[in-house]
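Trainee: Could you take me through the place where the ligand sits? I'd like a close look at just that part, and at what surrounds the ligand there.

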Amino acid sequence: MQDGKLSIDPAFTVAPVNRRTFGSFVEHMGRCVYGGIYEPGHPTSDDDGLRGDVLELVRELGVTAVRYPGGNFVSGYKWEDGVGPVERRPSRLDPAWKTIETNAFGLNEFMLWAGKADIEPIMAVNLGTRGLTAALELLEYANHPHGTDLSDRRIEHGAKEPHNIRMWCLGNELDGPWQLGHKSADEYGRLAAETARGMRQLDGGLELVACGSSGRAMPTFGAWEATVLEHTYDVVDFVSAHAYYQLEGDDVASFLASSVNMDLFIREVIATADHVGAKLSSSKKINISFDEWNVWYLRELQQKGMPEEWSTVAPRLSEDPYTVLDAVVVGSLLITLLRNSDRVTAACQAQLVNTIGSIRAEENGPAWRQSIFHPFALTARHAQGQVLQPRVAAPTLVTSQHGEVCVLDSVATYDAAEERLVVFVVNRHPSEPVSFSSELRAFGRVELVEARMLWDEDLFAVNTMDAPDRVSPKPHSSAQVVGTALQAALPPASWSMIVMKVS
Ligand code: AHR
């Protein structure tokens, strides 16, 4: 067995754990909304048509914030279609996903759901087919208490209290040629700045996100961020980043090292943002909202393209069952997001239910946890206090996509008040176990509280309706504290979480 060492010290702080790191995403795409969070008539649904079984799993997942309503969908969306008496709401073509949108679910239903799920809403405005006026009207409708046409209309629609939405995305992926209303960086930057200024005139306390690139592989990556931020630097707080990963062929080693790419992406966006700040002599820092990330088997969509025919309402889209391997990669992407908590101050796993979702729900049937649910839920529950950056000394392996990478990917969190130290660690090696030790004397006395891991003989095992718990965290029997040293043996392709009491 290969050997590694993690040096962890309370002085190695990165930043406090940001609760917004554990965000998710609900888009009007496939069956995320209809048949996902919303299904009137389902045995567990309440009077508002919100599925109780899904809500329970959302709470268990530990999601803290949810971005809505898209995604590509938002770039053709008229928010007004989704408010007011349901029987008068129009059905429309949704060009993003080639489906029919009934508008039975809209802003007020989402806010009702957000209240029940106890999550912070993150709202996106349409800067594809629309602009400043629609954004201002949506903001007034959503957030103004009362006494204006739009705010009184919201009250008439049953939402007496203002929604008080703080965080807003200025459009979605407008660098992408697939995006309705796709723009050049200058065109988008100008529109985003104008919209941000207008929105701030209505409410100076908003937190605004400018669209960064829809992926690191975009030909305009880097230049897009620089130009957009030159237009928007003073009026936005975040630039977005999106990244999806999938297993290519049988290249398990590269897939397990996906977080190397995410880490690089983050560092490049920060460097670009700081470069613009330096050019503008600004002391302000723009942070990253990593508001779409996940494992996504996009291949089929990429190969076949969008269907020729318009599908009906809420077709099955991207409902791949996630494997053990996918769960290990998701765990390692979360480690990367946490490790960059000083600059990645919001993140949304895309998406929440059914479509690319951590949760699966069948029409009139049960809901269950996908494999990727588990590393998210455990990290959201146990990461608390300060993020600590471990110093890692461990063997490396060579991957075809990311070159030479360290086999161990890790982060720790430390909550002095709660006397909790938690280590999250991935063994990226596809076939070799690795052991590690960590001398934790600097934390005082150390006791093991709980140790769990995601690993399986069958890396491709999945959860299904009939076997919903086939993949779930196992006890980590090799993790032990000897004196003040943590030791554990990590099986190949595994994610582990070790919780300790320190005093
Ligand atoms: O999350 C699915 C899609 O991926 C979103 O609609 C879009 O923003 C991204 O390309």
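Mentor: Here is a walk around the ligand, ending with the backbone at one of its contacts. Keep in mind that this is a predicted model. Okay, start with the location: the ligand is in the largest pocket. Around the ligand you'll find 13 residues, and the closest of them are Glu27, Asn72, Glu173, Tyr244 and Glu292. If you sort that shell by type, you get 6 nonpolar, 4 polar and 3 charged residues.

Now zoom in on some polar contacts. Glu27 puts a polar side-chain atom 2.6 Å from an oxygen atom of the ligand. Glu173 has a side-chain N or O atom 2.7 Å from a ligand oxygen. Then there's Gln351, where a side-chain N or O atom is 3.0 Å from an oxygen of the ligand. As for how covered the ligand is, it has 280 Å² of accessible area on its own, and the protein covers 95% of that.

Let's stay with Gln351 for a moment and look at its backbone. Gln351 belongs to the loop that runs between β12 (344-350) and β13 (359-361). The peptide bond joining Ala350 to Gln351 is cis, with omega at about 5°. That's worth pausing on, as most peptide bonds are trans. You can find another cis bond from Gly70 to Gly71, with omega near 15°. Gly71 is in the loop between β4 (65-68) and β5 (92-94). So if you rotate the model yourself, begin at the pocket holding the ligand, then follow the chain out from Gln351 into its loop.

Technical notes: Residues numbered from 1 in each chain as written. Predicted model: local features only at pLDDT ≥ 70, side-chain atom pairs only at ≥ 80, totals over all residues. Heavy atoms only, no water. Near = heavy atom within 4 Å. Polar contact = N/O pair within 3.5 Å; in protein donor to acceptor, adjacent residues only side chain to side chain. Areas by Shrake-Rupley, 256 points an atom, 1.4 Å probe, with all protein chains shown as cover. 1 Å grid on protein atoms, 1.4 Å probe; cavity = no way out; pocket = protein on both sides within 12 Å on 5 of 7 lines; lining within 4 Å. Sits in = over half its atoms within 2 Å of the grid points. Nonpolar A, V, L, I, M, F, W, Y, C, P; charged D, E, K, R; others polar. Helix = DSSP H or I, 4+ residues; strand = E, 2+ residues; numbered from the N terminus.
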